[in-house]
Amino acid sequence: MGSCRAFCKSFLFPFSFSIISTHNNHTSPFQTLKSSTKRRRVASMAAASASASESSASAAPPSPQAMEGPSPSSAIDFLTLCHRLKTTKRAGWVRREIQDPESIADHMYRMGVMALIANDIPGVNRDRCIKMAIVHDIAEAIVGDITPSDGVPKLEKSRREREALEHMCTLLGGESRAKEIADLWMEYEENTSLEAKFVKDLDKVEMILQALEYENEQGKDLNEFFESTAGKFQTDVGKAWAAEIASRRKRLRSSS
């Protein structure tokens, strides 16, 4: 047994010393794995922190400078001025002593609906027509409904309305929404696009349809409104709708 101990000691001691020496002078595989795991954990925590910061930043409300559109104050000022479109009656009906005549806003609203339901016209942007319909008389919130019977020259009427529109766009803040309204109004006034020609037809169609309704409801003869639009429609839809209104008017008159 003593010889065995001596053998084991002589045999194992160098090996044990080698392991201890290796342990003291080099990183063990376990330590390497542990260190690597720790580094990955730190990296993962850093990435999670960065992701949380990005999410927090994206969830934060945009600054006023980053928001497109008018400020709340400018928007409410503009809309308050537009209230006049709801309360200002269309001058032609007032002169003909129509009871409870439509307002400017009433007229523009039904034009917008007309643009919405009309058959497609090649090359015509329906959405642009709807927008144009609801802004084409917007300057009348300031200048009122100027009609030919007022005796105001066409150029003077246009000057007043442009000045009013500029004031309204400035009130809105002069940014992209204001520019869009100004561009739509100008396009309509100058009759420079297919959309403008179509919306001008809708303006006349809405007027004669309203005239027909007032004739039926109030027993008025409003033939002058039909005569003033005859032969002035520029699109097939406008011509077809005007013809339908004229046909209904003829049937109603012949039956009365």
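**Exercise 1.** Which exposed residues does the face of α5 turned away from its buried side carry?

*Solution.* The model worked with here is a predicted one. Begin by locating helix α5, which runs over residues 104-117 and has 14 residues; from its first C-alpha to its last it reaches 21 Å, close to the 20 Å expected at 1.5 Å a residue. Next, pick out the residues of α5 that are buried, that is, under 20% relative accessible area: these are Ile104, His107, Met108, Met111, Gly112, Met114 and Ala115. Because they cover an arc of only 160 degrees around the axis, they lie on the same side of α5. Finally, turn to the face directed away from that buried side, where the exposed residues Tyr109, Leu116 and Ile117 are found.

**Exercise 2.** Name elements that cover the buried residues of α5, and then describe the largest nonpolar core.

*Solution.* The cover over the buried residues of α5 includes α3 (72-87), α6 (126-135), α7 (140-143), α10 (194-218) and α12 (236-255). The largest nonpolar core has 47 residues, and those with the most contacts inside it are Trp93 and Ile138. Among the elements that give two or more residues to this core are α3, α5, α6 and α12, while the largest share, 10 residues, comes from α10.

**Exercise 3.** Find the largest cavity and the residues that line it.

*Solution.* The structure holds 1 cavity of 30 Å³ or more, and the largest cavity has a volume of about 60 Å³. Its lining includes Ala115, Asn119, Arg126, Cys129 and Phe198; of these, Ala115 was already met among the buried residues of α5.

Definitions and conventions:
Residues are numbered from 1 along each chain as its sequence is written. This is a predicted model: local features need pLDDT of at least 70, side-chain atom pairs count only at pLDDT 80 or more; totals for chains, interfaces and linings use all residues. Side-chain values use heavy atoms; hydrogens and water are left out. Helices (H or I, at least four residues) and strands (E, at least two) are DSSP runs, numbered from the N terminus. The expected span of a helix is 1.5 Å times one less than its number of residues. Buried means under 20% relative accessible area, exposed over 50%, partly exposed in between (1.4 Å probe, protein chains only). The arc is that of the directions from the helix axis to the C-beta atoms. Contact means heavy atoms within 4.5 Å. A nonpolar core is a set of buried Ala, Val, Leu, Ile, Met, Phe, Trp, Tyr and Cys residues joined through side-chain atoms within 4.5 Å. On a 1 Å grid over the protein atoms alone, a cavity is a set of points where a 1.4 Å probe fits but cannot get out, and a pocket is an open set with protein on both sides within 12 Å along at least five of seven lines; lining residues have an atom within 4 Å of a point. Grid points are joined across faces, edges and corners, and a volume is the space filled by probe spheres set on the points.
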